[in-house]
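This report describes the helices, the nonpolar core and the main pocket of one protein, in that order of detail as the sequence and model below allow. Which helix contributes most to the pocket lining is taken up before anything else.

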Amino acid sequence: MGGKAELQQLRSILSLSYGPLGAGAMFQPTPGRGHVTCTATSQRLLPMLMTSSPVGRLVVDSLATHSQTYRDCGLFAGLLATDLILSGLDLGLPQHQVSLVTSHALSLVTNLLMTKGE
């Protein structure tokens, strides 16, 4: 599966769990074997996601770090990041520009979270 398809799938999973009407997602690390996890929180959801594309892995790992650090807004940050990346790719922007814009937007969100916590 390509990077864009993985990002679309990631965005779909995050959006199902987001907000007051968000539903729990059920994951089983190895289909047909092992335990099943049902959750709607990014701290439990993100470690369960397996991606094969470098951009998907980068997004999931970054969001997991964000959730561990700030304990909040992991789903929102994930939706923002995936929407920005997918929109940039749909516009045909060079990947380095998409990366710069996404990085800047996420730093703005992080700064906002830090000032709200004070």
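Helix H5 makes the greatest contribution to the lining of the largest pocket, supplying eight residues. The model discussed here is a predicted one, and the values that follow should be read with that in mind.

**The largest pocket**

The largest pocket encloses about 540 Å³ of space. Its lining is made up of 20 residues, and those that lie nearest the centre of the pocket are Leu58, Val59, Ile85, Thr102 and Leu106. At least two lining residues come from each of H1 (3–17), H3 (54–70), H4 (74–91) and H5 (95–116). By residue type, the lining of the largest pocket comprises 12 nonpolar residues, seven polar residues and one charged residue.

**Overall arrangement**

The protein has five helices and two strands, and their order along the sequence is α-β-β-α-α-α-α. Of the 118 residues in the protein, 32% are buried.

Three of the helices that help to line the pocket can be set side by side, with the expected span calculated at 1.5 Å a residue.

| Helix | Residues | C-alpha span, first to last | Expected span |
|---|---|---|---|
| H1 | 15 residues | 22 Å | 21 Å |
| H3 | 17 residues | 24 Å | 24 Å |
| H4 | 18 residues | 26 Å | 26 Å |

**Buried and exposed faces of the helices**

In H1, the buried residues are Glu6, Leu7, Leu10, Ile13, Leu14 and Ser17. When H1 is viewed down its axis, these buried residues fall within an arc of 125 degrees, so they line one face of the helix. An α-helix has 3.6 residues a turn, so residues three or four places apart point the same way. After H1 comes Gly19, which has a positive phi near 85 degrees.

For H3, the buried residues are Gly56, Val59, Val60, Leu63, Ala64, His66 and Ser67. These residues cover an arc of only 160 degrees around the axis, which places them on the same side of H3. The exposed residues Pro54, Leu58 and Gln68 are carried by the face of H3 that is turned away from its buried side; Leu58 is also among the residues nearest the centre of the largest pocket. H3 is followed by Arg71, where phi is positive and near 60 degrees.

In H4, the buried residues are Gly74, Leu75, Ala77, Gly78, Leu79, Ala81, Thr82, Ile85, Leu86 and Gly88. Gly88, which belongs to H4, counts as buried because its relative accessibility is 6%, and the cut-off for that class is under 20%. Gly88 and Thr102 are separated by 14 residues in sequence, while their C-alpha atoms are 9.1 Å apart in space. The residue Gly92, with a positive phi near 80 degrees, follows H4.

**The nonpolar core**

The largest nonpolar core has 17 residues, among which Leu7, Leu10, Leu14, Leu46, Leu49, Val59 and Leu63 touch the most other members. At least two residues of this core are supplied by each of H1, H2 (42–48), H3 and H4, and H4 gives the most to this core, with five residues. Val59 therefore appears in three descriptions: it is buried in H3, it is one of the core residues that touch the most other members, and it lies among the residues nearest the centre of the largest pocket.

Terms used:
Residues numbered from 1 in each chain as written. Predicted model: local features only at pLDDT ≥ 70, side-chain atom pairs only at ≥ 80, totals over all residues. Heavy atoms only, no water. 1 Å grid on protein atoms, 1.4 Å probe; cavity = no way out; pocket = protein on both sides within 12 Å on 5 of 7 lines; lining within 4 Å. Points joined across faces, edges and corners; volume = space filled by probe spheres on them. Helix = DSSP H or I, 4+ residues; strand = E, 2+ residues; numbered from the N terminus. Nonpolar A, V, L, I, M, F, W, Y, C, P; charged D, E, K, R; others polar. Expected span 1.5 Å × (residues − 1). Buried < 20%, exposed > 50% of the residue type's maximum accessible area, 1.4 Å probe, protein only. Arc of directions from axis to C-beta. Core = buried A, V, L, I, M, F, W, Y, C linked by side-chain atoms within 4.5 Å.
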